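Please look at the sequence and the structure shown below before reading on. The report that accompanies them is meant to be read with both in view.

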Amino acid sequence: MTQDELKKAVGQAAVKFVKPDSIVGVGTGSTVNHFIDALAEIKDQIRGAVSSSEQSTEKLKSYGIEVFSLNDVDQLDVYIDGADEITEHMHMIKGGGAALTREKIVAAVAKEFICIADDSKQVGVLGQFPLPVEVIPMARSYVARELVKLGGDPVYRQGVVTDNGNVILDVHNMSIIDPKATEIAINAIVGVVTNGLFACRGADKLLLGTSNGVKEL
Ligand code: 5RP
């Protein structure tokens, strides 16, 4: 199976976790795009969605799925999203699509975070994938210098502006032995909006696409 076929399989498998008559939290990315395609088939059974990006919002609306503002929703049963890397402890790196801040906010509201990923995303230690950090534009150089002090090698993601009007630094060569401590340390740098480590609030369930089928972990 190709990587995209594995992504499609987990996107489709995630639909069974969507509760009837609920508002579902929807992440961002190519795996989530498959989930949205599958969600469209049961759209009459749900109230709508809260979206983590303009990209997902556009796709949801194209199917006629109502997109609610998070400020009008006080609880979400499930949030379904992909990852760039995930460990057996359900710690993740996210933000390859630059949607990390809104993803983290929607995930914070949800009772259950279901990660959908193909098996290339499963890793022993996080950090092979460069860690995205969303930064207020005027703080970019300062934050980059602070990230170097933490042992990373930040690279400005040229030409990318997030949905929140900010920029992304991708941190290479960072040794992420303690993901919670690293998440907290980077978020404490003035000018950082958030970073792509989802360890303090990791996933609750992983649907992993493998050539032997979708595994539930
Ligand atoms: C976007 C994300 C995505 O979940 C992550 O990049 C995985 O993307 P894909 O499903 O396309 O592999 O965090 O900000």
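This report describes a ligand and its surroundings, and then a number of residues in loops.

## The model

The structure is a predicted model. Residue numbers start from 1 along each chain, in the order in which the sequence is written.

## The ligand and its shell

The ligand is found in the largest pocket. Around the ligand there are 17 residues, and the closest of them are Ser30, Thr31, Asp84, Gly95 and Lys121. Sorted by character, the residues of this shell comprise 8 polar, 6 charged and 3 nonpolar ones.

Which parts of Asp81, Lys94 and Gly96 approach an oxygen atom of the ligand? In Lys94, a polar side-chain atom is 2.9 Å from an oxygen atom of the ligand. In Asp81, an N or O atom of the side chain is 3.4 Å from an oxygen atom of the ligand. In Gly96, a backbone N or O atom is found 3.5 Å from an oxygen atom of the ligand. The ligand taken alone exposes 380 Å², and the protein buries 92% of that area.

## Two residues with positive phi

Ala98 is not a glycine, yet its phi is positive, at about 70°. This residue belongs to the loop that runs between strand 6 (92–93) and helix 4 (100–109). Is Ala98 buried or exposed? Ala98 counts as buried because its relative accessible area is 13%, and the cut-off for a buried residue is under 20%.

Asn173 is another residue other than glycine with a positive phi, here near 60°. Asn173 is placed in the loop between strand 10 (167–172) and helix 6 (179–187). Its relative accessibility is 60%, so Asn173 counts as exposed; the cut-off for that class is over 50%.

## Buried serines in loops

Ser22 lies in the loop between helix 1 (3–13) and strand 1 (23–26). With a relative accessible area of 8%, Ser22 is buried. A polar atom of the Ser22 side chain is 2.6 Å from the backbone oxygen of Lys19.

Ser52 is located in the loop between strand 2 (48–51) and helix 3 (54–62). Ser52 has a relative accessibility of 1% and therefore counts as buried. Along the sequence, Ser52 and Gly25 are 27 residues apart, while in space their C-alpha atoms are 7.7 Å apart.

## Partly exposed and exposed loop residues

Ser69 is part of the loop between strand 3 (67–68) and strand 4 (76–81). Its relative accessibility is 34%, so Ser69 counts as partly exposed. How far apart are the C-alpha atoms of Ser69 and Glu216? They are separated by 30 Å, and the two residues are 147 residues apart along the chain.

Asp204 is situated in the loop between strand 12 (197–198) and strand 13 (205–210). Asp204 also falls in the partly exposed class, because its relative accessibility is 41%. In sequence, Asp204 and Asp77 are 127 residues apart; in space, the distance from C-alpha to C-alpha is 12 Å.

Glu88 occupies a place in the loop between strand 5 (85–86) and strand 6. Glu88 counts as exposed because its relative accessibility is 70%. The C-alpha atoms of Glu88 and Phe35 are separated by 23 Å, and these residues are 53 residues apart along the chain.

## Summary

The ligand sits in the largest pocket, and the protein buries 92% of the area that the ligand exposes when taken alone. Among the loop residues described, Ser52 is buried and Glu88 is exposed. Positive phi values are found at Ala98 and at Asn173; Ala98 is buried, whereas Asn173 is exposed.

Note on methods:
This is a predicted model: local features need pLDDT of at least 70, side-chain atom pairs count only at pLDDT 80 or more; totals for chains, interfaces and linings use all residues. Side-chain values use heavy atoms; hydrogens and water are left out. A residue is near a molecule or strand if one of its heavy atoms lies within 4 Å of it. A polar contact is a pair of N or O atoms within 3.5 Å; within protein, one must be able to donate a hydrogen and the other to accept it, and residues adjacent in sequence count only if both atoms are side-chain atoms. Accessible areas come from the Shrake-Rupley method with a 1.4 Å probe; for residues, only the protein chains shown count as cover. On a 1 Å grid over the protein atoms alone, a cavity is a set of points where a 1.4 Å probe fits but cannot get out, and a pocket is an open set with protein on both sides within 12 Å along at least five of seven lines; lining residues have an atom within 4 Å of a point. A molecule sits in a cavity or pocket if more than half of its atoms lie within 2 Å of its grid points. Ala, Val, Leu, Ile, Met, Phe, Trp, Tyr, Cys and Pro count as nonpolar, Asp, Glu, Lys and Arg as charged, and the others, Gly among them, as polar. Helices (H or I, at least four residues) and strands (E, at least two) are DSSP runs, numbered from the N terminus. Buried means under 20% relative accessible area, exposed over 50%, partly exposed in between (1.4 Å probe, protein chains only).
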